[in-house]
Structure formats: structure tokens, C-alpha cells
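Please look over the sequence and the structure shown here, and then follow the paragraphs below from one helix to two sheets and a ligand.

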Amino acid sequence: MKMVIKGKSTLKGKIEVSSSKNAILPILAASILTDDVVEIDRVPKINDVTVIGTLLGELGKQTSILDRKIVMGGKVLSHHPPYDLARQIRASVLVMGPLLARLGTVRVALPGGCAIGSRPIDLHLKGFHALGAEINLRSGDLIANTNGLRGAHVYLDYPSVGATENIMMAAAMAEGISYIENAALEPEIADLANFINCMGGKVSGAGTNVIRIEGVKEFKGVNYTPIPDRIEAGTLMVAVAATKGEAIINNVIPEHVKAITAKLTESGTEVVENKHNVEVRRLSKINPVYIKTLPYPGFPTDMQPQFMAYLSCANGSSIISESVFENRFMHVQDLSRMGADIKTEGKIAIIKGMRKLTGAQVKASDLRAGAALIIAGLSAQGDTVLLDSHHVDRGYEDITGKLNAMSAQIQSIP
Ligand code: UD1
């Protein structure tokens with residue numbers, strides 16, 4: 001797949017953000033906790049959702065995806081997701097916690113997904129072990145077994161999003177009470193807790209750094225709508241700013257994009273927060289800014305590449321410090337091909353700014369890198385050809401259609 005992006009676009013108008021990819025993936029995994037019917041509404045048409053849906057089907061769940069609704073029901077029968085599906089996306093590891101809780105055993109391939117650092121899952125496993133599981137590695141697969149999970153205190157050395165979710169799902173059915181200390185604070189964690197509670201679970205404190213989970217024996221079916229995607233919202237906000245545009249971005253929880261709003265404002269772009277939307281208007285030249293990625297409520301690492309594209313045209317030098325992932329500067333080489341002046345040293349990138357980007361042939365190395373190159377392409381002089389644009393479809397619903405509805409001219413070519 002490739003995209004041809006016409007440069008010197010100015011994004012204008014209104015656009016609607018889809019539901020959160022990173023909320024839906026653990027919610028789909030958590031549906032394993034019940035045999036009753038679970039219906040999820042406003043599901044975005046993105047590849048990661050299709051992969052997890054297919055994976056749940058392979059585990060024995062009756063799963064149907066009808067337009068924007070997923071309906072799942074029935075028992076999970078298998079404890080072993082097929083290798084090819086599990087390797088495709090890292091979030092497949094999120095079935096471990098609920099499978100362990102339901103079947104007392106799980107076997108998964110070591111996770112794949114975006115090529116951004118080694119991304120171990122030691123904290124997930126530490127949590128399962130504390131809850132009473134034994135973990136082994138056999139032929140590249142992780143195998144966890146338990147003869148009954150029991151409530152425990154789990155302290156996370158780092159507030160990992162996935163580990164918090166996985167341990168929460170396992171503990172939701174454990175006997176007794178569990179606490180996750182130094183838990184991740186991301187809004188997707190609170191959404192998962194909310195979903196589990198709607199199914200009859202007893203989770204409190206999600207959204208703070210101590211989560212209390214009282215295990216329950218049985219969960220019931222539910223109809224649920226996940227939160228809006230704060231990273232899609234942020235990406236669209238930066239795209240509007242980078243193209244000197246002016247637009248209203250609907251279906252946003254402004255609280256969830258505070259760090260993005262703060263950095264856009266500091267750089268000279270106006271952001272007006274309303275109840276369910278934000279208005280974005282680029283007022284002046286782009287001021288250089290300092291950004292350090294951090295766990296929520298800090299600046300999201302998933303917005304770092306897009307800001308780097310934007311800051312390539314700032315009126316001076318910006319610094320980005322990537323503290324969440326190693327090796328998350330893969331987009332630098334392609335931004336440089338478009339004329340950006342960026343130097344990296346370990347986890348620091350210095351973006352010189354004062355550049356006029358020009359269209360080029362570039363390649364998406366991962367999901368957010370692809371989003372950054374689209375933003376660069378929209379603001380550059382001339383056409384940009386983005387190769388491997390399928391990475392972008394993993395996490396953005398109809399990004400071409402949405403940007404084109406705001407006056408961009410992007411063509412997707414299979
Ligand atoms: C989730 C998001 C991803 C986002 C990331 C950080 C989903 C599906 N994905 O990924 O888009 O970029 O949060 O906001 O929600 N780590 C360990 N050991 C572990 C787990 C993590 O060392 O057991 C490290 C990772 O290598 C990384 C850091 O912790 O350096 C953050 O990872 P984590 O918060 O777990 O991210 P994910 O859940 O994988």
C-alpha cells in the first residue's frame with residue numbers, strides 16, 4: 001500500500017475522531033472473562049481491531065463485526081492463539097491475563113507489533129506470578145499455568161499500560177483482593193476498568209496509581225462504547241497546526257489531550273477546548289518547544305513523531321527527549337529526506353527548524369512514524385509518496401478520507 005500526498009495543503013473544516021484503538025484492544029480481550037454476549041459500539045475499522053477480533057474467533061469466541069459494532073459471545077475453548085495472529089500485533093499479549101483467569105493456562109508467542117525498541121513483557125509476567133501463576137518459555141512461546149489465581153499486591157517498577165491492563169484482567173477473577181501499585185494512569189486503563197465493572201467486576205482506583213481489584217466469580221454480558229481516541233485527536237490537531245489550518249475536531253475529551261494542547265499552545269497554535277471538541281487554529285510562525293515524552297498525564301510517546309514533523313518547520317531549534325521507548329526515532333531518516341534538519345543522540349533529538357520541507361518518496365516504519373510523514377507531506381512543497389502506508393491503517397480509521405474531507409488531497413493506492 002502507498003499514499004500520494006499533495007503538499008501545501010491547508011486543513012479546514014470539521015472532523016470526527018473515532019473510538020480509541022488502545023481502549024478497544026484490551027476491552028475486546030476482557031470479553032474473554034464472560035460467556036455472555038458482549039456488544040461494543042462505535043468500533044473503528046482499523047486493522048488492529050480486525051486482528052484481535054479474528055484472534056478471539058480462533059480461541060472459540062463467536063465474533064461478528066457488523067459495520068461499527070462487534071458482537072461476541074460463547075466460551076473460549078483454546079488457550080493458545082495462533083502464532084501468525086499473535087505475532088502481528090503486540091496487543092495480542094493482552095489475552096494472557098483473561099485466558100489465565102478463565103482457563104488456568106495460556107500459551108502465546110512472544111509479541112510483535114511496532115518496531116520501536118525491544119518492548120519486554122517482564123512486568124506482565126511478574127504480575128501473573130504474584131497472582132499465583134507459573135511461567136515458562138518453550139519454543140519461543142510463553143506458557144503460564146495456575147491452579148487458581150489469588151489476590152496479591154503487585155508493584156510495577158514502571159507504570160506500564162499493558163502490564164496494568166493484563167494484571168487487572170487476571171485479578172478481576174482471582175480469589176480475594178489485589179492491588180496494583182505504581183499503576184499506569186492512562187485514560188484507556190480507566191476505560192477498561194469501567195468496562196470490567198459494567199460486566200459485574202469490582203475495580204476501583206483506575207486512573208490513580210493504586211488500583212484495587214476484588215475478584216468476582218462470574219461476569220455478565222454488556223453493551224459498551226469506548227472512549228474517543230486521544231492520539232487520533234492529537235494527530236489531527238497537529239496536522240491542522242502544521243498546515244496553517246483552522247478546524248474543529250469533534251468527539252474529543254479535552255482533558256485527555258491536555259499535554260498536546262499545552263505544547264501546541266506554546267508553539268503558537270490556538271486551541272479552544274469545548275465540552276466535546278477542540279478548535280485548532282494556527283496563529284503565527286511555529287515557536288520551537290521542548291518536549292519530553294512521559295507516561296500519562298505527561299506528553300504521549302505516541303505523539304512524538306507527529307510533533308517532530310511539525311517542529312521541523314519551527315522558527316528555531318526544538319528538543320525532543322524520548323523517555324518511554326528506546327529506538328523511537330525511526331521517522332528521523334525519512335523526515336530528513338524531506339529536508340528536515342534533525343540530529344539524534346541516544347534518546348534526544350534536536351530539530352533545527354527553519355526548514356522548508358519538500359515532497360519525497362518515504363517509508364512508514366511504524367504506525368505513528370507513518371502519521372508523522374503524512375503531516376510532513378501535507379505541509380511540504382510538492383508531492384510525497386508514502387510507502388508501506390498499511391502501517392497507518394493499523395491504527396487510524398480512514399485517515400485518507402478524514403484528511404481529504406478537510407481539504408487535503410491524498411490518494412491511497414493498493
Ligand atoms: C501502550 C500503547 C502504545 C503506547 C504505550 C506507551 C496499547 C495497545 N499500546 O503500549 O500505543 O505507545 O502504551 O504509552 O495500549 N516495559 C517493560 N516491561 C514490561 C512492559 C513494558 O520494560 O513488562 C517498558 C516498554 O519496553 C516501554 C515502556 O515500558 O519502554 C512502556 O511500555 P507500556 O506502557 O507497557 O506500553 P504498551 O502497553 O506496550
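The buried residues of helix H5 pack against helix H4 (96–103), strand E7 (134–138), strand E8 (141–145), strand E9 (153–155) and helix H6 (161–171), where contact means heavy atoms within 4.5 Å. Helices (H or I, at least four residues) and strands (E, at least two) are DSSP runs, numbered from the N terminus. The model is a predicted one, in which local features need pLDDT of at least 70 and side-chain atom pairs count only at pLDDT 80 or more, while totals for chains, interfaces and linings use all residues. Residues are numbered from 1 along each chain as its sequence is written, and side-chain values use heavy atoms, with hydrogens and water left out.

Helix H5 spans residues 122–130, and its buried residues are Leu 123, His 124, Leu 125, Gly 127 and Phe 128; buried means under 20% relative accessible area, with a 1.4 Å probe and protein chains only. After H5 comes Gly 132, which has a positive phi near 110°.

The ligand is surrounded by 17 residues, and the closest are Asp 122, Leu 123, Ser 160, Asp 302 and Val 324; a residue counts as near when one of its heavy atoms lies within 4 Å. A backbone N or O atom of Val 161 lies 2.8 Å from an oxygen atom of the ligand, and a polar backbone atom of Gly 162 is 2.8 Å from an oxygen atom of the ligand. Taken alone, the ligand exposes 740 Å², of which the protein buries 85%, the areas coming from the Shrake-Rupley method with a 1.4 Å probe.

Turning to the sheets, four strands form an open one with mixed pairing, in the order E17-E18-E20-E19, and two strands pair if DSSP finds at least two bridges between them. Strand E17 (290–292) and strand E19 (342–345) each have a single partner strand and stand at the edges, so one side of each is left without a neighbour in the sheet. E17 and strand E18 (residues 318–321) run parallel and are joined by three bridges, with Tyr 290 opposite Ile 319 in E18. Helix H10 (residues 304–311) packs on this sheet, touching E17, E18, E19 and strand E20 (348–351), and its direction makes about 170° with that of E18; axes are lines fitted to C-alpha atoms, for helices over the stretch in contact, and angles run from 0 to 180 degrees between N-to-C directions.

Another open sheet of four strands has the order E2-E14-E16-E15, again with mixed pairing. Five bridges join E15 to strand E16 (residues 277–282), and these two run antiparallel.

Methods: Buried means under 20% relative accessible area, exposed over 50%, partly exposed in between (1.4 Å probe, protein chains only). A polar contact is a pair of N or O atoms within 3.5 Å; within protein, one must be able to donate a hydrogen and the other to accept it, and residues adjacent in sequence count only if both atoms are side-chain atoms.
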